[in-house]
Each structure stands twice: as C-alpha cells, then as structure tokens.
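The exercises below are to be worked with the sequence and the model open. Each one gives a task and then a solution in steps.

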Amino acid sequence: MTPKRAIAARLRAWVSAFAVYRDRRIMAIVLLGFASGLPLALTGQTLQAWLTESGASLQSIGLFALVGVPYTLKFLWAPLVDRLPLPGFTHLLGRRRGWLVFAQILLIAAIAALALSNPAGALVATAFCAVAVAFASATQDIVIDAWRVEILEERQLAAGAAAIVFGYRIGMLVSSAGALFLATLFAWPLVYAAMAAALLVGVITVLLIGEPASKPRGDADRRFAEATAWLQARPHLSGPLARLLAWFYASAAGPFLQFMSRKGWVGILLFVMLYKLGDSLAGTLATSFYLQTGFSKAEIAEVGKLYGFGATMIGLFLGGWLMQAAGLYRALWVCGILQMLSNLMFAALALHGHDVWFLALTVGLENLAGGMGTAALVAYLSALCDIAYTATQYALLSSLTAVARTVLSSYAGFLAAPLGWPLFFVFTTVAAIPGLLLLAWLTRRGAATRIERKPGDTPLLAED
C-alpha cells in the first residue's frame, strides 16, 4: 500500500470510529455518569464553600476531605454488591439495576439530610451526613462501573470510558458551578435539595436501560469449584456455612487473589494511588484559595467552574486522541508531566493576585491537563481488570485513585497554612514526581507489569 493510500485508510478508520457514539447504551452511560459525578462536589468543593461561609477554620475544611473515605474503601463491599441479590429490587429490576435504584434512593435521602444540617452550629452532624452521601455515592459507582463494562462489547469499551467521564464531569459541573450560582440566589439548604432532585435523572435512566447479559466468570467459577470440592472432603463443614465459605473464596477473596498473582502488583497499586496526587492536592483547597485571593463566588463559578469544565472536556478529547495516536503508556507520560507542571500556574496566580484573566489561564491549563490525565488513567484501570471480577477489581483500583483525593489530600490545610499559597502549590508540583517514577518502573521495556497486546486488541491496549 502506498503512503497516500495508507494515510487515507487511516483517516477513514478514524471517521468511522465516531459511529460508536450513536449507540443508545453510550448515551445511557453518559446519563449514569452524570448521576455518578453529581454527589462528589456536594461533599467536596461545594461543601467547602458552604463551610467557608459558615466560619469553619481552614484546618477543619481540610479535614473534611476525609468524608470521601468511602470512595477509597468501596472495594470492601463491592463483592456483596457484585454477587448478592437484593430482596425485592433484584426480583423486579435484575441484579445490576436493582442495586442501582437502591443505591440512588439512599443517595437522594442522604443529600436531603445534608441539606437540613447546620455547619455553623453542628459541624459533626454535617460531617456525618456528608459521609453518608459519600457511602451511597460510592455504592452507586460500583454498580455503574460493572454495568458499563458488562453491557458493552469489547470494541465499545474505550467509547464507554469516554462517555462515563463526560457524564461525570457534567454532573460535577452542575453540583459545583450550578450550585454556586444557585447559592447566590438561595440559601444552601435549598441548593442541596435541588441537587437531590437532580439525581432523579439517574433513577429514570436505570428504569429505561436493560440488564446486562450474564457472562462466563472464568477464574471465579474455577475458584468456586475448588472451594466446593475442598468442603465436600470435610463433612463437618457443610450446609449454609460451607456455601458461605465457598462464596467468600470465589467472589470476595477471588478478585484480590487473582490481582495479587500478577508480578509487580504492589507497584501497580501505588502508581494508581499516586498518579494524580499532585493534581488532587492542588484541587483540595482550590475554592478556599480563590475566595481568599479575592475572587467572588460568581467569578469562581464563571471561570473556575464553567470555563474549567470546557477545558476539561477538551482535555478528555485530547487524552483519548493521544492514546489512539501514541499508545497508552506514552499518553500516561505526557499527561502526567502536564498535570505536574500545571500546578505551577496556581503558585503564579497566588503571587500575581486577583486577576480574572490570569485565573482563566490558570484554570484552563490545569483543567486541560487534568482532563487528559483522567482519560489516560481510566483507560489504564479498565485494561487492568480481569473479566471475571470486573466490578470488584475496578472498585479496588478506582478506590485507590480516591486515596489521593481524600486521605492524602486531607492534610492540605495543615500544609497551606504554614507554607502560604505559593509554596504550597510548589509542593503539590513536587508531589507528582513519585507517580512518574513508578510509571517509569512499570512501563520499562520487558517488564512483566506492561500490558501485553493480544490478538484483536484495540490500540488502547497496544504495546508502545
């Protein structure tokens, strides 16, 4: 084939690939992504603004990052959500849809309770309600991720990953910029009540979508057979106890045993946890930083949220394009370096002071890099999961990505207070280096931790 014909054929392949986005399942994933992204800001940046206006100290606001711990620990109850039927809900809606509706009902109730809390007079009660929101939201995420992987064909997984992040970001926009705009007109309790009502979009979507078809569970079936045979040889372990032990070995322990059988699995988990650490540290106190720098809530909503949303969407698109053009590992490198360097813009803004145009430049570059990094990381997590344990393993991996956003970032307030904003953001830049060092180790040539290309794989999983 001549070079011109090769280029023309590749261009035709790129254009035809857009047809995957016409699938109604992809649109359903966008809407479920919206339901998944909406609660996060309600216990993060938006709640941070409410706490700041209520007079909470910077240290207390920083500690509120810990309310997101359920996102970090969701892999602990993911096997229950993955395998156990839910009385009533499972019979009426199916395993995945039943759990989704149940989680969404809990989530709406928890957000309503948070709306009725009083941060100025009962900060502990507010924290308790926020943890309840995070727990229900994390449970919803477990089911959405499992449904997304199971409902799509292999060739659609990359489009599904892009769709879930796109919907997720829209949900975050509504609960961050939308909530801040509403807060200029209404009291915070009414704002949170409106956010609870917005989650009905997710409930309606669940009622309209189909239940995924059952798929062979390979390693899980093998482990269940092994456990059953082992228990049959021991008659004293019989009845309900035997069935419980067999289920635990295959469904609860199996996902972790399978993952830990991989070479370099500890390094993989550390990388997943640290890849976006610098980005998360910088974002933890971003709203407080903007307010203390002199920006109004309207300016933060217009520039920090709406403009930032557009930059993130462009970043997601560029991240997906980069993965197709250069491969997953090169995309992780480029996006990781851009994420790290973009934090320096916050330090420059802290030195420059109140300037809406400089804020727009800072937010644009940071969100562009963050969107690219998110696209690359979601693709990496999807490629790591074994089909037999998709829900639990994805929950484990995505939980670790939340470690940087919650546990590790909870000390941001204690760092920012003594360091000051400029040095704090320089520190967040340095905090991105360990993740890049792990990336270098995991992706070195010949390493067992590299994801090998298999026959029929898409370029997403290609060996760089």
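**Exercise 1. Disulfides and cysteines**

Task: State how many disulfides a search of the whole structure finds, and decide whether Cys129 and Cys335 are buried or exposed.

Solution. The search of this predicted model returns zero disulfides. For burial, the cut-off is a relative accessible area under 20%. Cys129 has 14%, so Cys129 counts as buried. Cys335 has 0%, so Cys335 is buried too.

**Exercise 2. The chain as a whole**

Task: Describe the secondary structure, burial, contacts and exposed area of the protein chain.

Solution. Begin with secondary structure: the chain has 24 helices and zero strands. Next, burial: of its 464 residues, 55% are buried. Then take the contacts with a separation of 6 or more; 81% of these join residues 24 or more positions apart. Last, the exposed surface comes to about 19,900 Å², with 72% of it supplied by carbon and sulfur atoms.

**Exercise 3. Length and burial of H2**

Task: Check the span of helix H2 (residues 24-42) against its residue count, then say how many of its residues are buried.

Solution. H2 has 19 residues, and at 1.5 Å a residue the expected span is 27 Å. The C-alpha atoms at its ends are 29 Å apart, which agrees with that value. As to burial, 15 of the 19 residues are buried, so H2 is largely enclosed by the rest of the structure.

**Exercise 4. H3 and what follows**

Task: List the residues of helix H3 (residues 45-53) that are buried, and give the sign of phi at Gly55.

Solution. The buried residues in H3 are Thr46, Leu47, Gln48, Ala49, Trp50 and Leu51. After H3 comes Gly55, with a positive phi near 90°.

**Exercise 5. The surroundings of Ala138**

Task: Locate Ala138 and find which residues it touches beyond four places away in sequence.

Solution. Ala138 sits in helix H9 (residues 123-151). Its relative accessible area is 0%, so Ala138 is buried. Leaving out residues up to four places away, Ala138 touches Pro70, Tyr71, Lys74 and Trp77. Ala78 is 60 residues from Ala138 in sequence, yet their C-alpha atoms are 9.5 Å apart.

**Exercise 6. A cavity**

Task: Count the cavities of 30 Å³ or more, and identify the helices that each supply at least two lining residues to the second largest.

Solution. The whole structure holds two such cavities. The second largest has a volume of about 40 Å³. Its lining includes Tyr275, Lys276, Asp279, Gln339 and Leu436. Helices H16 (277-284) and H19 (328-352) each give at least two residues to this lining.

Note on methods. Residues are numbered from 1 along each chain as its sequence is written. This is a predicted model: local features need pLDDT of at least 70, side-chain atom pairs count only at pLDDT 80 or more; totals for chains, interfaces and linings use all residues. Side-chain values use heavy atoms; hydrogens and water are left out. Helices (H or I, at least four residues) and strands (E, at least two) are DSSP runs, numbered from the N terminus. Buried means under 20% relative accessible area, exposed over 50%, partly exposed in between (1.4 Å probe, protein chains only). Contact means heavy atoms within 4.5 Å. Accessible areas come from the Shrake-Rupley method with a 1.4 Å probe; for residues, only the protein chains shown count as cover. The expected span of a helix is 1.5 Å times one less than its number of residues. A disulfide is a pair of cysteine sulfur atoms within 2.5 Å. On a 1 Å grid over the protein atoms alone, a cavity is a set of points where a 1.4 Å probe fits but cannot get out, and a pocket is an open set with protein on both sides within 12 Å along at least five of seven lines; lining residues have an atom within 4 Å of a point. Grid points are joined across faces, edges and corners, and a volume is the space filled by probe spheres set on the points.
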